[in-house]
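Trainee: I would like to learn how to read pockets and sheets in a model. Could you walk me through one?

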Amino acid sequence: MKKTALLIAALLSVGTLAQAQADTLADIKSSGKITVGIDPTFPPYEYTDDKGEITGYSVAIMQSFANELGVKLEFQKTAFSGILPGLISGSFNAEGSSLNVTAERAKKVLFTVPYSKTVNGVLVREAEAKTFNGKTLSPESLSGLRGAVKTASVPEQLLKGFNEQLKNEGKKPITIINVDSLDQTVSTLMTKRADFVYDDISVLAPVAKKYAGKVAQVGEVGPSQWMGWATRKEDGSLNKAISDHILAMQKEGELTKLQQQYLGTTFTVPASDFIPQE
């Protein structure tokens, strides 16, 4: 009898889980809004403009998706380090901050198809730029220096990986300075608490332009990675709807136009096999 009760409870639990899995997309449609957690400090992908409105390349894609569903897009500002915990805990329907697609993150969340890719570069003060002239950048180029990165970001993880390599080679590690936003990384550089900022080259380009004569981008280091959004593991229907919309935008040329507008370059995003192996 006890075994039968346990079996019934297990079946009810599975049924409840299956229902939950199908509910997020349906709930969004029925409520007329999609709540998205976002850290709008990552131009040109997601940032706050002079009018105080959240905008950017990824925001335009998410807005297009909301328009297709016929729902209102509502943002919930969240520090980048809290984006995935907030998503997993159910604080919002989806997350809208651009994430590098990694094998480690894929264990916790379900990635949509990518909508961009990242190549990370090094930003230094103009006065120190000549130190890197003619040098092919590598982890060894950064040995013994202080690098500013956003907390919980892929650039932070890459610097940690560089340090493992430097340790094996018997060289000085990079001192990693963790901050919460791009503005803070630049401030850390300008006040000489850091020797360089490490981030996506499309993010660093407008910074170099804004502070021309004060900072300079000196090269690229590390592998390129795809960027996308994540949903909870159980939200397969929502994930598929977002992914299908991104691929449709690419087929219709809308994604290319947004890439040109915000990123100054174009590329084709994959429909599958974009999550790296461990």
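Mentor: Gladly! Let's begin with residue classes: Ala, Val, Leu, Ile, Met, Phe, Trp, Tyr, Cys and Pro count as nonpolar, Asp, Glu, Lys and Arg as charged, and the others, Gly among them, as polar. Keep in mind that this model is predicted.

Trainee: How many residues of each class are in the lining of the largest pocket?

Mentor: That lining divides into 11 nonpolar, 5 polar and 4 charged residues.

Trainee: And how do we find empty space at all?

Mentor: Rolling a probe the size of a water molecule over the atoms shows where empty space is left. Here, the largest pocket holds about 520 Å³. Of its 20 lining residues, Thr102, Glu104, Arg105, Val154 and Gln157 are the closest to the centre. Helices H3 (83-89), H4 (103-106) and H6 each give two or more residues to this lining.

Trainee: Now the sheet. In what order do the strands of the open sheet lie?

Mentor: The general idea first: in a regular strand the side chains alternate between the two faces of the sheet. In this structure, 5 strands follow the order E12-E11-E13-E10-E14, with mixed pairing. E12 (175-179) and E14 (215-220) are the edge strands, each pairing on one side only.

Trainee: Which strands run parallel, joined by 5 bridges?

Mentor: E11 (residues 146-150) and E12 do; one pair of bridge partners is Gly147 and Ile176. Between E11 and E12, the chain passes through helix H6 (residues 154-168) in a right-handed β-α-β crossover. By contrast, E10 (residues 120-125) and E14 pair in the antiparallel sense, and Arg125 stands opposite Val215 there.

Key. Residues are numbered from 1 along each chain as its sequence is written. This is a predicted model: local features need pLDDT of at least 70, side-chain atom pairs count only at pLDDT 80 or more; totals for chains, interfaces and linings use all residues. Side-chain values use heavy atoms; hydrogens and water are left out. Two strands pair if DSSP finds at least two bridges between them. Helices (H or I, at least four residues) and strands (E, at least two) are DSSP runs, numbered from the N terminus. A crossover is right-handed if, with the strands pointing away from the viewer, the path from the first strand over the helix to the second runs clockwise. On a 1 Å grid over the protein atoms alone, a cavity is a set of points where a 1.4 Å probe fits but cannot get out, and a pocket is an open set with protein on both sides within 12 Å along at least five of seven lines; lining residues have an atom within 4 Å of a point. Grid points are joined across faces, edges and corners, and a volume is the space filled by probe spheres set on the points.
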